[in-house]
Amino acid sequence: MGVRVTPDPVIVLHIAGAGRSGSTLFGSLLGQLGDCFDVGELGYLWDRGLRQDGRCGCGAQVRTCPVWRRILQEVFGPDGPGEEEVERLARFHRATSRGRDVASLWLRGRLQEEPSEYRAILARLIRAAASVSGRRVVVDSTKPVAYGRLLDDLPGVQLRVIHLVRDPRAVAWSWLRRKAGTGADTMRTRPVLTTAAMWNLGNLAAMGSWAGEPGRYLLVRYEDLIQDPARWLRAAAGLAGITDPDLPLIGDSTVKMSPTHTVAGNVGRHHSGEIELRLDSEWSNALPPAKRVLVECATYPLRDRYGYGRTR
Ligand SMILES: [Zn+2]
């Protein structure tokens with residue numbers, strides 16, 4: 001066997017925040033930059049990608065996608081992970097991620113029952129994703145924040161955090177309406193007050209965990225990203241140390257997307273070709289007034305802090 005050269009640390013660009021904030025799209029956009037490989041929601045690889053036989057962003061099943069096969073072989077050997085191993089890792093993921101935003105918000109130190117074995121696998125997986133794709137930045141949009149904290153100080157991996165925030169009324173509407181999606185991609189619905197609570201927690205936890213470290217934290221509003229994608233893509237690339245990135249933009253708001261190899265995320269990750277970035281303001285007409293007031297009250301004052309004032 002030849003001697004393997006130890007490469008530079010891999011950078012993981014983690015998109016954190018509350019669910020339905022547009023992280024799938026942001027991840028796909030970043031994945032178009034030459035140095036970046038977008039893996040989607042990596043934490044759901046075990047459950048949605050492998051156990052439920054979900055599809056990769058490229059259209060193939062994750063299990064049979066040539067890119068993921070090689071990544072999994074690099075971590076688990078020629079046969080990839082066995083069924084029991086996948087079960088165990090899916091359990092690890094559920095145990096470390098569920099309902100832990102509160103914990104990560106209040107416990108600024110490491111979580112007590114930190115699963116070092118799961119962290120070691122994640123580190124190897126991220127490094128394998130970088131080496132197979134030939135990119136040095138891996139973009140991971142797994143929620144919740146407690147998952148992101150597992151990525152802190154992984155061996156051979158440097159964490160950079162993009163905190164993506166979106167108007168809570170748009171998020172509430174996204175959780176209310178039914179959206180297309182099949183199998184592992186099916187999008188669940190959720191009542192507005194639950195959404196508001198999750199929005200507060202997800203954003204507070206992201207700020208509480210990383211906002212004090214300007215060199216590795218960037219706050220981005222989804223609405224700003226859509227209005228000026230060039231500016232925010234450059235800022236996000238800069239956070240990962242990429243200067244002068246080759247942006248996938250055709251004109252101001254149309255992007256050219258190549259297929260992704262994302263293991264989980266919303267259905268948009270399967271779209272490629274020319275895509276026009278447009279702010280979806282359907283919520284402003286469609287969200288029933290009583291529900292809108294509920295969301296507005298329940299997300300105050302954080303909503304104000306991010307500049308999402310009350311509208312008529
Ligand atoms: Zn693929």
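Is Cys-56 buried or exposed? Cys-56 is buried, because its relative accessible area is 0%, where buried means under 20%, exposed over 50% and partly exposed in between, for a 1.4 Å probe and protein chains only.

Before we look further, a word on the model: it is predicted, so local features need pLDDT of at least 70 and side-chain atom pairs count only at pLDDT 80 or more, while totals for chains, interfaces and linings use all residues. Residues are numbered from 1 along each chain as its sequence is written, and side-chain values use heavy atoms, with hydrogens and water left out.

## The zinc site

Cys-56 belongs to a metal site. The zinc ion is coordinated by Cys-56 (SG), Cys-58 (SG), Cys-65 (SG) and His-261 (ND1), at 2.1 to 2.4 Å. Donors here are N, O and S atoms within 2.8 Å of the metal (3.2 Å for Na, K and Ca); water is not among the atoms, so sites may look incomplete. Along the chain, the donors of the zinc ion follow the spacing C-x1-C-x6-C-x195-H. Cys-58 sits in the loop between α2 (45-51) and α3 (66-76) and His-261 in the loop between β7 (254-257) and β8 (273-276), so this pair ties together parts that are 203 residues apart in sequence.

The arrangement is tetrahedral because the four donor atoms subtend angles of 99 to 117° around the zinc ion. Four donors earn that word if all angles lie between 85 and 135 degrees.

Three of the zinc donors can be set side by side by their accessibility:

| Donor residue | Relative accessible area | Class |
|---|---|---|
| Cys-56 | 0% | buried |
| Cys-58 | 30% | partly exposed |
| His-261 | 21% | partly exposed |

A search of the whole structure finds zero disulfides, a disulfide being a pair of cysteine sulfur atoms within 2.5 Å.

## The chain and its helices

The protein chain has 14 helices and eight strands; these are DSSP runs numbered from the N terminus, with helices (H or I) of at least four residues and strands (E) of at least two. Of its 312 residues, 54% count as buried. Residues 24 or more positions apart account for 78% of the contacts with a separation of 6 or more, contact meaning heavy atoms within 4.5 Å.

Two helices show where buried residues pack. In α11 (residues 229-239), the buried residues include Trp-232, Leu-233 and Leu-239. The buried residues of α11 pack against elements including β1 (10-16), α1 (23-31), β4 (157-165) and β6 (249-250). After α11 comes Gly-241, with a positive phi near 80°.

In α13 (residues 289-298), Arg-292, Val-295 and Glu-296 are buried. They cover an arc of only 100° around the axis, which puts them on the same side of α13; the arc is that of the directions from the helix axis to the C-beta atoms. Their packing partners are α8 (168-176), α9 (192-210), α12 (283-286) and α14 (302-305).

## A three-stranded sheet

An open sheet of three strands runs in the order β6-β7-β8 with antiparallel pairing, and its edge strands, β6 and β8, each pair on one side only. Two strands pair if DSSP finds at least two bridges between them.

β6 and β7 pair over two bridges: Leu-249 stands opposite Val-255, and Ile-250 opposite Thr-254. These strands form a hairpin with three residues between them, and Gly-251 in the turn has a positive phi of about 75°. β7 and β8 pair over four bridges, and Lys-256 stands opposite Glu-274 in β8.

Definitions and conventions
Tetrahedral: all angles 85-135°; square planar, octahedral: opposite > 155°, others 65-115°.
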